[in-house]
Amino acid sequence: MADQVGTCAICGTATATSRRRHARYCSNACRQRAYRQRVNEPVMALDSFIGRDAELLRLTGLTDTRMLTLVGAAGVGKTRLIKEFVGSRATLVELASATDVARACAAALGEPIGEPVLSTLVRALAGRKMLLVLDNCEHVAAECAALLEPLLLGCPGLTVIATSREPLRVPGEVLVAVPPLSITNAVELFIDRASANQVGLRLGDRDVLAALCARLDRLPLAIELAARLVTVLPVKELLARLDDRLELLNRGNRTAAERHQSLRAAIGWSYDHLSADEQHVFRCISQGPRGFGLDVAVQACDLPSDRVLVVLSALVAKSLLTFTAAGRFEQLESVRLYGRERLAEQFAGDVPGASAASLKVVRRGPAPAANH
């Protein structure tokens, strides 16, 4: 019986395939590599995926892009969106706890980690079509950029999708900003997660739910954390307590990463990776209105205007601020409350005998009206 020529599903090498038996792999090494890749495939989520039709449609239109980065604020749902988009057709590299990006990629791909690691990766990927997802890149953005540029140049069949709170700034990178949910999808998400926490739950007025989700900035993480509280707080009371959301929203999934266990931890992950100047400006602008111009920021920070503008630009890039079409800077309410909390802690450290509680007006006091 004549053999037919096939190709290895891993490396593309020609394989002899008889009519009785189709050889998917050219060797045991490729077969074992395929097994290791399956182990590292993204796992389908156990709860429902809500909304994001526009974002999924846009991603579908970018399938020819070789370097794509999803950027957005803490808790906006970048990881969940990309897992929904790629399904099981990608190899996921989780970088939240990584210190060596190249080694993390090699481990996820099931490659033996030789030296130099970049050469190992190029040899492994040069002849293959591969979709690689790098998740949570913000704290290793420079390392990711240093690895991905030569990797993309040396591996024509490689496509990379990254999630990050800031751009990686790799040549050819296309950015997709992930915004908060629409108010309709935000309410739907709250109802879905709250109903899962208490069967038969009656949530009441939809307008109150919409107000609650709007106060939570329509962030999926904040909404899911708030939904866990419906077993102990009526929705109206929960809405009334949202000035204390950083204390309240602290019951994430036990299996979630530590930075997703609470809203405070999610925003703190971004704050902790800021420079000293960036932290200073972040704290100072939190005491003002949600929307403000450069002049207000300069007055609040007591720094030269050029320096403040540079830092504000960095905070925009790191998804802690947005710059609107009206030419103003804006903070999400949850982010502003976190900044006020850190500002109160700073004052407590500067004032002998003071405590953050005694200075809570800095953290939780009503914000001045926006300066137009």
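This report describes the fold, the nonpolar cores, the cysteines and some local features of a predicted protein model.

**Overall figures**

The protein contains 17 helices and 10 strands. Of its 372 residues, 49% are buried. Contacts that span a long stretch of sequence are common: among those between residues at least 6 apart in sequence, 67% join residues at least 24 apart. The accessible surface amounts to about 18,300 Å², and carbon and sulfur atoms account for 53% of that area.

**The open sheet**

Five strands form an open sheet in the order β4-β5-β6-β3-β7, and their pairing is parallel. Strands β4 (91-94) and β7 (174-177) are at the edges, each pairing on one side only. From one strand to the next, the twist averages 20 degrees. Inside this sheet, β5 (residues 130-135) pairs with β6 (residues 158-164) in the parallel sense, over 5 bridges. Leu131 has Thr159 of β6 as its bridge partner. In general, the strands of a sheet are held in such pairs through backbone hydrogen bonds.

Two helices lie across strands of the sheet. Helix α2 (residues 53-60) crosses β3 (67-71) and β7, and its direction is at about 170 degrees to β7. Helix α4 (residues 101-109) lies across β4 and β5, running at about 140 degrees to β4.

The loop between β6 and β7 holds Arg169. Arg169 is exposed, with a relative accessible area of 71%. The C-alpha atoms of Arg169 and Ala142 are 8.4 Å apart in space, while the two residues are 27 apart in sequence.

**Nonpolar cores**

The largest nonpolar core comprises 71 residues, and those with the most contacts inside it are Ile161, Phe190, Ile285, Leu312 and Leu315. Helix α9 (residues 220-227) supplies the largest share of this core, 6 residues. A second core, separate from the largest, has 32 residues, including Leu95, Val101, Leu109 and Val170.

Leu312 shows how one core residue is surrounded. Leaving aside residues up to four places away in sequence, Leu312 touches Val281, Ile285, Phe292, Leu294, Ala297, Leu321 and Phe329.

Val281 and Ile285 are also among the buried residues of helix α13, together with Glu278, Gln279, Phe282, Arg283 and Cys284. In helix α13 (residues 276-285), 7 of the 10 residues are buried, so the helix is largely enclosed by the rest of the structure. An α-helix has 3.6 residues a turn, so residues three or four places apart point the same way.

**Cysteines**

How many disulfides does the structure hold? The count is 0. A disulfide is a covalent bond between two cysteine sulfur atoms, and the cut-off applied here is a sulfur pair within 2.5 Å. The table gives the separations for two cysteines.

| Cysteine | Closest cysteine sulfur | Sulfur separation | Relative accessible area |
|---|---|---|---|
| Cys105 | Cys144 | 7.3 Å | 1% |
| Cys284 | Cys301 | 4.5 Å | 9% |

The sulfur of Cys105 is 7.3 Å from that of Cys144, which is too far for a bond. Cys284 lacks a bond to Cys301 because their sulfur atoms are 4.5 Å apart, again too far. Cys105 is buried, and Cys284 is buried as well.

Technical notes:
Residues numbered from 1 in each chain as written. Predicted model: local features only at pLDDT ≥ 70, side-chain atom pairs only at ≥ 80, totals over all residues. Heavy atoms only, no water. Helix = DSSP H or I, 4+ residues; strand = E, 2+ residues; numbered from the N terminus. Buried < 20%, exposed > 50% of the residue type's maximum accessible area, 1.4 Å probe, protein only. Contact = heavy atoms within 4.5 Å. Areas by Shrake-Rupley, 256 points an atom, 1.4 Å probe, with all protein chains shown as cover. Core = buried A, V, L, I, M, F, W, Y, C linked by side-chain atoms within 4.5 Å. Pairing = 2+ DSSP bridges. Axes fitted to C-alpha atoms, helices over the stretch in contact; angles between N-to-C directions.
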